[in-house]
Amino acid sequence: MNHREFEQLQLKSKLFQRILDEIDVGVHVVNEEGRTTFYNKKMAQIEGMDYEDVLDKNLLDVFSFNQDEDSTLLQALKNGSKIKNAKQTYFNNKGQEITTINNTFPIMEDGEQIGAMEIARDVTKLEKLIRENMNKRGDTRYTFDSIIGSSDEIQEVIEASKRATRTSSSVLIIGETGTGKELFAQSIHNGSSRSSKPFISQNCAALPDSLIEGLLFGTKKGAFTGSIERPGLFEQANGGTLLLDEINSLNPSLQAKLLRVLQEKTVRRVGDTKDRTVDVRIIATINEDPIDAISEDRMRKDLYYRLSVVSLFVPPLRERRKDIRDLAQFFIEKYNQLFGMNVAEIDEEVMSKFEQYDWPGNVRELEHIIEGAMNLIDQEEAISYVHLPLHFRNKPQFKEEPNETGHLEDLLIQKNKPIKPLEQYIQEAETYYLKKVLKHHGNNITQSAKSLGMSRQNLQYRLRKYGVRKETAD
């Protein structure tokens, strides 16, 4: 080989490497000894590895398989046969689980096998999502007794839900995010004749369309690359209840297929020609007005009519303010048990603000605020303003009111008044806040310092610096 031919060969090799690094599939090549001779960029991303950790290393020194023969590369190397669309789960040298769909081929030269090549597609995230959804099923701990509230608004929904337990008609639960729609769904199931049968819940917004179809209706082996024989949620929930959360997130074509199942009470797995009879009660939830969802093509009108045989409207927390006190106390008791604490109540000043706030996140937001406050409490027995999470205190509705001297008002930029220098503003704001914290803790320096997250000495220094006097010594 002359110099020119050698240069051309090098150029082709670089071009070949560049092409394989740009394609969106992993490529892994081993020689006859099982050592890696080629490893492209995508494969390194899939497996979370660096080139130098894999190249010229024996496959089994880098990756772990349940059994050596589980490696599709080693199977092709050993048997000299092609392997198509094989799903493989294994671990890299950091212990991270990887799942791929592989096409693997022996590499032949002059009739002799000199290695094997694998083309892989990553399905790790999809497999994880499937397992997470499978693990969440069957948890039906809620009954009507779990629903907190004595307001007329919530009691009306509870009574309507109890009447719905007598039949197997479809139910559509309408309510904003965080209102507790799944509590009603589980309560209806547990109060019905289907309570001893499966209850399966699936959030339609949690998975991509390509996966949700197979998950709902099942798959036939070979229907698509990597598919296995798997019953869908309708078959798994047979005899029981299937909750479809955020039904408006399902794309129109899948909504049409769902409508067919509801009408014919049969389900056909993806890639199959056989219809299977199913007996499943459908409860669906939607987090917006169904009329808006229909008009904006997020929900089929015919599916809405089919699902809304029984329609339940769960009111937002701002429309059942009477229940805020009971809900807050329930969450305090819940986190007392979880955290081993003994918080008794919420200050009336804070409770008054709670009852005026609109709660866009509804009951879920209230629970998160209570949990956050209890993480900031030391030895106090009541949740007060200083315990509320900072992002919550910064909301306009939760700003502290000006005191008698109008000190807080003086801190703000006001019309027709000169803007204060930043240093002066910060000093006045800090002085005001230190006074409020001292007052809250009865002028106890130690407790005030803990609440502020600073040392006792640091607090005393600041009090002297700003000329703040405490009325009593601790």
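Helices α14 and α16 are oblique to each other, since their angle falls outside the classes set at under 35 degrees (roughly parallel), over 145 (roughly antiparallel) and 65 to 115 (roughly perpendicular). The angle is about 45 degrees, and the axes of α14 (residues 324-339) and α16 (residues 362-376) lie 9 Å apart. Axes are lines fitted to C-alpha atoms, for helices over the stretch in contact, and angles run from 0 to 180 degrees between N-to-C directions. Helices (H or I, at least four residues) and strands (E, at least two) are DSSP runs, numbered from the N terminus. The model is predicted: local features need pLDDT of at least 70, side-chain atom pairs count only at pLDDT 80 or more, and totals for chains, interfaces and linings use all residues. Residues are numbered from 1 along each chain as its sequence is written, and side-chain values use heavy atoms, with hydrogens and water left out.

The crossing of α14 and α16 is right-handed (the near helix is turned clockwise from the far one by less than a right angle; anticlockwise would be left-handed). On the α14 side, the contact (heavy atoms within 4.5 Å) involves Ile324, Leu327, Ala328, Phe331, Ile332, Lys334, Tyr335, Asn336 and Phe339. From α16 come Val363, Leu366, Glu367, Ile370, Glu371, Met374 and Asn375. These residues comprise 11 nonpolar, two polar and three charged. Ala, Val, Leu, Ile, Met, Phe, Trp, Tyr, Cys and Pro count as nonpolar, Asp, Glu, Lys and Arg as charged, and the others, Gly among them, as polar.

Helix α20 (residues 445-452) contacts α19 (residues 422-440). Their axes come within 9 Å and cross at roughly 125 degrees. This makes α19 oblique to α20. The crossing is right-handed. Tyr433, Leu434, Val437 and Leu438 of α19 meet Ile445, Ser448 and Leu452 of α20. Six of these residues are nonpolar, one is polar and none is charged.

Helix α20 also packs against α21 (residues 456-466), with axes within 9 Å and a crossing of roughly 100 degrees. The two helices are therefore roughly perpendicular. Ile445, Thr446, Ser448, Ala449 and Leu452 of α20 touch Arg456, Leu459, Gln460 and Leu463 of α21. Here the division is five nonpolar, three polar and one charged.

One cavity of 30 Å³ or more was found in the whole structure. A cavity is a set of points on a 1 Å grid over the protein atoms alone where a 1.4 Å probe fits but cannot get out; lining residues have an atom within 4 Å of a point. The largest cavity has a volume (the space filled by probe spheres set on the points) of about 60 Å³. Its lining includes His28, Met43, Glu47, Phe63, Tyr90 and Glu118. Elements α2 (41-47) and β3 (83-91) each give two or more residues to this lining. The lining holds six nonpolar, three polar and two charged residues.

Key. 1 Å grid on protein atoms, 1.4 Å probe; cavity = no way out; pocket = protein on both sides within 12 Å on 5 of 7 lines; lining within 4 Å.
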